[in-house]
Amino acid sequence: MNVNQKGVSGLIKVIDDLQEKNYFVFPAFDDHSPVDLVALDSAGRTFRIQIKYREKCSDKKSEKYEIRTSSVVNGKRVENDRSLIDGWAVYMASSKKIAYIHKSLLEGKKGLIVDPNVDYGEL
């Protein structure tokens, strides 16, 4: 799968997961949007989410996944504007799990190693 196919696959998995949890989900229609989707819960709270599709870390010894607080745009790494993001949804391909990472967990960090066996909480 290429990068675009992985992105679409991750988006579909997260949308399905959130709908099963009774969220209303609004995907971005613009590739330049700071988030991939906005989720609305039954209380009317909104969550602006950046989605990451991830394979296992390169050491392959353990099932852990790395996310960064930046994106690659036209071949250059660009830091995300965290004031426009509430968190990340990480689709971990090998374990077929989704971890929701609130932006406060990445405060002052450029990335995080995500363990599929750890509960990072809800949106």
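Contact here means heavy atoms within 4.5 Å of each other. With that in hand, here are the close-ups; keep in mind that this is a predicted model.

**View 1. Lys 52, a buried lysine without a salt bridge.** Start in strand S3, where Lys 52 is found. Lys 52 is buried, yet no salt bridge goes with it. Look for the nearest side chain of opposite charge and you land on Asp 36, which is 6.3 Å away. A salt bridge needs a side-chain nitrogen within 4 Å of a carboxyl oxygen, so a gap of 6.3 Å leaves Lys 52 and Asp 36 unbridged. So who does Lys 52 touch? Setting aside its neighbours within four places in sequence, Lys 52 is in contact with Ile 67, Arg 68, Ser 70 and Ser 71, and also with Trp 88, Ala 89, Val 90 and Tyr 91.

**View 2. The largest pocket, with Lys 52 among the residues nearest its centre.** Stay with Lys 52 and widen the frame to take in the largest pocket, whose volume is about 1400 Å³. Its lining is made by 38 residues, and the ones nearest the centre are Asp 36, Gln 50, Ile 51, Lys 52 and Ser 71. Which parts of the chain give at least two residues each to this lining? They are H1, S3, strand S4 (65–68), strand S5 (70–73) and strand S6 (76–79). H1 has the largest share, at 6 residues.

**View 3. Tyr 23 and Phe 47, an edge-to-face pair.** The whole structure holds 2 aromatic pairs, and this view shows one of them. The ring centres of Tyr 23 and Phe 47 are 6.1 Å apart and the planes meet at 75°, so the pair counts as edge-to-face. Tyr 23 sits in the loop between helix H1 (3–20) and strand S1 (24–27), while Phe 47 belongs to strand S3 (residues 46–54), so the pair ties together parts 24 residues apart in sequence. Are these two rings buried or exposed? Tyr 23 is buried, at 13% relative accessible area, and Phe 47 is buried too, at 12%.

**View 4. Tyr 53 and Tyr 91, a tilted pair.** Now for the other ring pair. The centres of Tyr 53 and Tyr 91 are 5.6 Å apart with the planes at 50°, so this pair is called tilted. It links distant parts of the chain: Tyr 53 is in strand S3 and Tyr 91 in strand S7 (residues 87–92), 38 residues apart. Tyr 53 is buried at 13% relative accessibility, and Tyr 91 is buried at 6%. You have met Tyr 91 already, since it is one of the residues in contact with Lys 52.

**View 5. Asp 41 and Arg 45, a buried acid with an exposed partner.** Time for charges: a search of the whole structure finds 6 salt bridges. In this one, Asp 41 pairs with Arg 45, and the closest N and O atoms are 2.6 Å apart. Asp 41 is buried, with a relative accessible area of 9%, whereas Arg 45 is exposed at 51%.

**View 6. Asp 86 and Arg 48, a salt bridge from a loop to a strand.** Here the closest N and O atoms of Asp 86 and Arg 48 are 3.0 Å apart. Asp 86 lies in the loop between S6 and S7, and Arg 48 is in strand S3, so the bridge ties together parts 38 residues apart in sequence. Asp 86 counts as buried at 18% relative accessibility; Arg 48 is partly exposed at 27%.

**View 7. Lys 64 and Asp 115, linking distant parts of the chain.** The closest N and O atoms in the salt bridge between Lys 64 and Asp 115 are 3.9 Å apart. Lys 64 is in the loop between S3 and S4, and Asp 115 is in the segment after strand S9 (111–114), 51 residues apart. Lys 64 is partly exposed at 31% relative accessibility, while Asp 115 is buried at 17%. Elsewhere, salt bridges with shared partners join Asp 17, Lys 21 and Glu 122 into one network.

**View 8. Phe 29, an exposed aromatic residue.** Last stop: the loop between S1 and strand S2 (37–40), where Phe 29 has its place. Phe 29 counts as exposed, at 86% relative accessibility. From Phe 29 to Leu 123 is 22 Å in space, C-alpha to C-alpha, and 94 residues in sequence.

Key:
Residues numbered from 1 in each chain as written. Predicted model: local features only at pLDDT ≥ 70, side-chain atom pairs only at ≥ 80, totals over all residues. Heavy atoms only, no water. Phe/Tyr/Trp six-rings, centres within 6.5 Å; stacked < 30°, edge-to-face > 60°. Helix = DSSP H or I, 4+ residues; strand = E, 2+ residues; numbered from the N terminus. Buried < 20%, exposed > 50% of the residue type's maximum accessible area, 1.4 Å probe, protein only. Lys, Arg positive; Asp, Glu negative; His and termini not counted. 1 Å grid on protein atoms, 1.4 Å probe; cavity = no way out; pocket = protein on both sides within 12 Å on 5 of 7 lines; lining within 4 Å. Points joined across faces, edges and corners; volume = space filled by probe spheres on them.
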